[in-house]
Amino acid sequence: MKSWLALLLCVGALSSTSLAGAQSLESVLSPGPVIKAHAKTEHECDACHVRFDRAGQDARCQVCHKEVALDLRQQRGLHGRHKPQACRACHTDHRGRDARIVEFDPRTFDHRQTDFELRDKHAQVDCVKCHSAGKRWSAAASECVACHRADDVHKGGLGKQCGDCHNARRWKEVDFDHDKKTRFPLAGAHIPVKCDACHRNGQYKDTPRTCIGCHRKDDTHKGQYGDKCETCHSVKTWKTSTFNHDADTHFLLKGKHRTVKCADCHTGPLYRTRLGKECVDCHRKDDKHKDTLGRDCATCHVERSWKESPGFDHDKTRYPLLGKHAKVECKACHKDALFRQTPSQCIACHRQDDKHAGTLGEACADCHVERDWKTLQSRFDHQRTRFPLRNAHAAAKVRCGDCHRDLRSYRNTALECVVCHKVQDKHEGTLGARCEQCHGDSNWRVAGFDHARTRFALVGRHVNVVCKSCHETQRYRDAPRDCFSCHRKDDAHKSRFGTRCEECHGARAWTLWEFDHEQRGRWKLDGAHRRTACEQCHRDPAALPRLAAPLERDCQACHRREDVHDGAFGARCEICHLTDNWKQIRPRRN
């Protein structure tokens, strides 16, 4: 007790002297000198300490030791991986100028606490091999190339990601999956090939991936067939050709074509000189017709022998001879020896027989047959037109003349329903001209209408509502689509919450309503607010069609008269008061 009294008397004497401004109470009570690195701030206690707050010292440490603070925030490095604790637990100052406040033993240090775990041969390397003297331990580079640049036989050509191929067990041990890590999977005879055979001088980047890049000396065609060696050759063996002319080209080899050498047809560069696929491209000198029969020599000639002609079959042409055409002489249609130029359309020979004056086009065969021009098909197939006849339209009582006025008006007949059924349109044109959307061709009456195809799908109680309840007339499109137009009498809020009834009410029942104030409003309801009626806060009517009139979101907007402090503590009532009970005060934090 006497020692404490003496200490207080001493402190009082010091504070009353002229030296009080130069020496504070903290310097008198200092436990001892700090280390050399902290000597400049030895008399500035607040540089490291916070009065009456021991936990505040850690933040002061991080102000100067920014690199440690960054590791702590990012949870990396030695400090970032440690269990959170006060700095003074490991680093204690005030033990003298030469004291060591960082105790570090490389022999017992667990490198797994850092960002670079030592595995395999790295665990046997001396620390000084990676950590340079005079530099921070954490400043050591973690990239392979930082230590193994001299071992990089690629001279940086493959970048700095040495770990893609090399491992920590042995530098020369390469573990590289060529199929997964490159754009050139190794297959066939490429698998046993040594790396240097393709990657010369240790340069792996920009190695050619085309066959010709490595096999130019093996190209016996001297480039005549292009650079796509894989078209004929495979990775299994270079000398065996795998080219299948029948499957890989558009020209099947038949007859004598199978014994012909490639060079007999392909006399120029394969991919730059394209060969024609027609017989006359190679057999022009054999054409005794001098092109009068066109270029399709195969019509009469075969691949077994050019001179062999089995006879011309007109049925194999684009115009088989049927009916009376089989008895007509060739010269009746072929005016000269240029057979291919003979027209195949009916109208070319039967224009004078066309009673439709060209209004139905030139496809005479749609109705007429080869037996006799005047004999029509047993029945015209209306299903092939743009207007198939079905149900009531196909009934015998509907005659062609009901829609088609004469032989020249068949194609120009309108296809819209409203053209014939305008007198039956009770909607006065408000639903447009596509009557088939609701009406069918079996009966003009509507059997059932899918309201889901409109802009107002019927759900809930709306499904059983009679149409005329919403559609007062048959001008259906004039019916309103908003809830308020039909449910004005059901609005118990008297427009206080606007006219967008669907925000709270559903189609199942008008009395069932739900509004998620937290998700759809800007104010989360909690505590006593959940039991508060909407009208207690939303007193003013909404500006139609808003959901509700906008309100201020601070507490005083509703609780101003309950503020016993008369505004002395500001408008943020939630700092002290709770939403469960206005009179309950929020507990103070220590």
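Colleague: Why is Glu-428 called exposed?
Modeller: Its relative accessibility is 59%. Exposed means over 50% relative accessible area, buried means under 20%, and partly exposed is in between, with a 1.4 Å probe and protein chains only. The value 59% is over 50%, so Glu-428 counts as exposed.

Colleague: What kind of model do these values come from?
Modeller: This is a predicted model, in which local features need pLDDT of at least 70 and side-chain atom pairs count only at pLDDT 80 or more, while totals for chains, interfaces and linings use all residues. Residues are numbered from 1 along each chain as its sequence is written, and side-chain values use heavy atoms, with hydrogens and water left out.

Colleague: Why is Arg-475 called partly exposed?
Modeller: Arg-475 has 32% relative accessibility, which lies between 20% and 50%, so it counts as partly exposed.

Colleague: What makes the pair Glu-428 and Arg-475 a salt bridge?
Modeller: A salt bridge needs a side-chain nitrogen of Lys or Arg within 4 Å of a carboxyl oxygen of Asp or Glu. In this pair the distance from N to O is 2.9 Å, so the rule is met. Glu-428 is in the loop between helix 16 and helix 17, and Arg-475 is in the loop between helix 17 and helix 18 (483-487), so the bridge ties together parts that are 47 residues apart in sequence. Salt bridges with shared partners join Glu-428, Arg-475 and Asp-478 into one network.

Colleague: How many salt bridges does this rule give?
Modeller: The count comes to 11. One of them joins Asp-98 to Lys-36, with the closest N and O atoms 3.4 Å apart. That pair links distant parts of the chain, 62 residues apart: Asp-98 is in the loop between helix 5 and helix 6 (144-148), and Lys-36 is in the loop between helix 2 (25-28) and helix 3. Asp-98, at 63% relative accessibility, is exposed, and Lys-36, at 60%, is exposed.

Colleague: What is called a helix here, and which residues of helix 4 are buried?
Modeller: Helices are DSSP runs of H or I with at least four residues, numbered from the N terminus. In helix 4 (residues 66-74), Val-68, Ala-69 and Asp-71 are buried.

Colleague: How do you know where these buried residues of helix 4 lie around its axis?
Modeller: The arc is taken from the directions from the helix axis to the C-beta atoms. The buried residues fall within an arc of 160°, so they line one face of helix 4. The face turned away carries the exposed residues Lys-66 and Arg-73.

Colleague: What do the buried residues of helix 4 pack against?
Modeller: They pack against helix 3 (56-64) and helix 5 (77-81), where contact means heavy atoms within 4.5 Å. Gln-62, Val-63 and Cys-64 of helix 3 meet Lys-66, Ala-69 and Leu-72 of helix 4.

Colleague: How do you know how confident the predictor is?
Modeller: pLDDT is the predictor's confidence in each residue, from 0 to 100. The chain has a mean pLDDT of 80, and 91% of its residues reach 70 or more. Over residues 1-23, pLDDT stays under 50, and the model has five contacts beyond four places in sequence for that stretch.

Note on methods. Helices (H or I, at least four residues) and strands (E, at least two) are DSSP runs, numbered from the N terminus.
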